[in-house]
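Colleague: I would like a close look at a single part of this model. Please take one charged pair and work outward from there.

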Amino acid sequence: MTTDRKIRVLIAKPGLDGHDRGAKIVARALRDAGMEVIYTGLRQTPAMIAEAALQEDVDVVGLSILSGAHMTLVPQVLQALRERGLDDVPVIVGGIIPPQDVPKLRALGVAKVYGPGAPTRQIAADIQALVRGTAPAEASAP
Amino acid sequence: MNAWAQRVRQGDRRALARVLTWVENDTPEGRRALHDLFTATGRAHIVGITGPPGAGKSTLVAALARHLRQQRPQSRVGILAVDPSSPYTGGALLGDRVRLPADLVQDAGVFFRSMASRGAQGGLAPATQRAVQVLDAAGYDPIFVETVGAGQAEVDIMRLAHTVIVVQAPGLGDDIQAIKAGILEIAHILVVNKADRADAERTRRALEDMLRLGPGPDPTWTPPVLLTVATTGQGVPAVAEALAAHRQHLHRTGAWQRQDEARLAQALDAALRDALWQRWRATLPDEAYQAVLRALQRREISPAEAVARLLPPAPPPA
């Protein structure tokens, strides 16, 4: 019987942008790093993402946002998580995020922000550190 | 009963999710919760869903859950969806939630949990049965268990579920392949999904012909062959009716009770094996075990000889 603790990560795409190639690449990379990745697909509302995070009891929530609506969507997701008592679940955000928005997202409570071309190995290492509670809480260079 | 088990019994979904994680990781907290929850288990109708990848298992489960929730708003539907773990990295991509529409994700009467197979080969995960017990004790009924869907006979689901639905889709193979895959041996209900495709009727006839050649898993029950279009909900009420009919059939014939007793007998044997092994292993110095293991690995002794060296001779009958 295995007692080995698997990291569970939710990868979700809030909002209306129509392609999820980046999200799938990250999901695949995290799987290859030995994690269990729950992938929810496109066009998830903040409530759906928070509800999935609750039912799946994930260690980390990863949001992929390409639409430019991150300053609207991220606070909504964080709020939906808080409403369900999931304040302690770290949230990471990847996508097309202008550099000036990174500190704003960090101030909202986002643990990590990744721009296009962020090495997936770094994302996996950051998640492992976040789950172990040893992550230095600063944004990685986008 | 400890606080976590209490919260699960009271319908706290956060506690349910956390206990499922513990049970999946086989932690002491998980074992404690299973112990506390056990007397509340044995009520739910456990429904297995299997069939080849792409047949529409996840979409059908979602359509069934929606239908059942509309029919009985006071009911609670549990869904466990198993996807394969990578044999190389141990990671898994659990994608069955993609088929779960917004209304069901946010429906407080539906609980959906993805499980990775974690090395198990029979289409389920090592902890699926225990996860079912937790959902059962939490009041979820029915509980759908969607298998990995390797397509070939997934016998574990037959042992776990009261009712097995095998989902096929037109054009996935001929009737010989269906016989090879052993679906008739495990199916209580056969569903031909994607029935809006041209050759759905032909697939149905092929399955019905095969059923005439030999019975399914239960000689007193003839598996219906039903057509559905899970994406639109067409044909889904008939599947729900067949599920209810099979549940009634199991109760009427006493099979529900017999299967439950057989399952618990197996559970006792398995628990005894575990306990005996652990008790004995704790008495054996590790060097002694390793010495015998190395002799076996060098092929100096056979496995039978190794056992004879490790285990004390059985006491003579009194």
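Modeller: Start with B:Glu24 and A:Arg8, whose side chains meet in a salt bridge at 3.6 Å, N to O. The pair crosses between chains: B:Glu24 sits in helix 2 of chain B, and A:Arg8 in strand 1 of chain A. Both B:Glu24 and A:Arg8 are buried. Keep in mind that this is a predicted model.

Side chains of opposite charge can pair when their charged atoms come close. Here the pairing goes beyond two residues. Salt bridges that share partners join A:Arg8, A:Glu36, A:Glu56, B:Glu24, B:Arg97, B:Arg113 and B:Arg118 into one network. Within that network, B:Arg97 and A:Glu56 meet through their side chains in a salt bridge, 2.7 Å from N to O.

Now the strand that carries A:Arg8. Strand 1 of chain A spans residues 8-12, and five of its five residues are buried, so the strand is largely enclosed by the rest of the structure. A:Arg8, A:Leu10 and A:Ala12 point one way, while A:Val9 and A:Ile11 point the other way. Buried applies to all of them.

Next, the neighbouring strand. Strand 1 and strand 2 of chain A pair in the parallel sense over four bridges. A:Arg8 stands opposite A:Glu36 in strand 2 of chain A. Strand 2 of chain A, residues 36-39, also pairs with strand 3 of chain B, again in the parallel sense, over three bridges. There, A:Glu36 stands opposite B:Ala92. A:Glu36 therefore has a strand partner in each chain, since two strands pair if DSSP finds at least two bridges between them.

Step back to the whole contact. It takes 29 residues from chain B and 31 residues from chain A. The buried area between the chains is about 2,700 Å², and carbon and sulfur atoms give 50% of that area. B:Arg14, B:Leu93 and B:Arg97 supply 23% of the area that chain B buries against chain A, more than any other three residues. B:Arg97 is the residue already met in the salt bridge with A:Glu56.

The charged pairing across the two chains comes to six salt bridges. Across the same interface, 17 residue pairs are in polar contact. On the chain B side, helix 2 (13-24), strand 3 (92-94), helix 5 (102-105) and strand 4 (110-116) each supply at least two residues. By class, that side has eleven nonpolar, nine polar and nine charged residues.

What else lies along chain A around strand 1? The segment before strand 1 holds A:Arg5. A:Arg5 forms a salt bridge with A:Asp59, with the closest N and O atoms 2.9 Å apart. A:Asp59 lies in the loop between helix 2 (46-56) and strand 3 (60-65) of chain A, so the pair ties together parts that are 54 residues apart in sequence. A:Arg5 is partly exposed, at 46% relative accessible area. A:Asp59 is buried, at 18%.

On the other side of strand 1, the loop between strand 1 and helix 1 (21-32) of chain A holds A:Asp20. A:Asp20 counts as buried, at 12% relative accessibility. A:Asp20 touches A:Lys13, A:Tyr39 and A:Leu42, leaving out residues up to four places away in sequence.

To return to the starting point: the salt bridge of B:Glu24 and A:Arg8 crosses between chains, both residues are buried, and both belong to one network of salt bridges.

Definitions and conventions: Residues are numbered from 1 along each chain as its sequence is written. Chains are lettered from A and ligands numbered from 1 in the order in which they are written. This is a predicted model: local features need pLDDT of at least 70, side-chain atom pairs count only at pLDDT 80 or more; totals for chains, interfaces and linings use all residues. Side-chain values use heavy atoms; hydrogens and water are left out. Contact means heavy atoms within 4.5 Å. Buried area is the accessible area (1.4 Å probe) that two parts lose on being put together, summed over both. A salt bridge is a side-chain nitrogen of Lys or Arg within 4 Å of a carboxyl oxygen of Asp or Glu. A polar contact is a pair of N or O atoms within 3.5 Å; within protein, one must be able to donate a hydrogen and the other to accept it, and residues adjacent in sequence count only if both atoms are side-chain atoms. Ala, Val, Leu, Ile, Met, Phe, Trp, Tyr, Cys and Pro count as nonpolar, Asp, Glu, Lys and Arg as charged, and the others, Gly among them, as polar. Buried means under 20% relative accessible area, exposed over 50%, partly exposed in between (1.4 Å probe, protein chains only).
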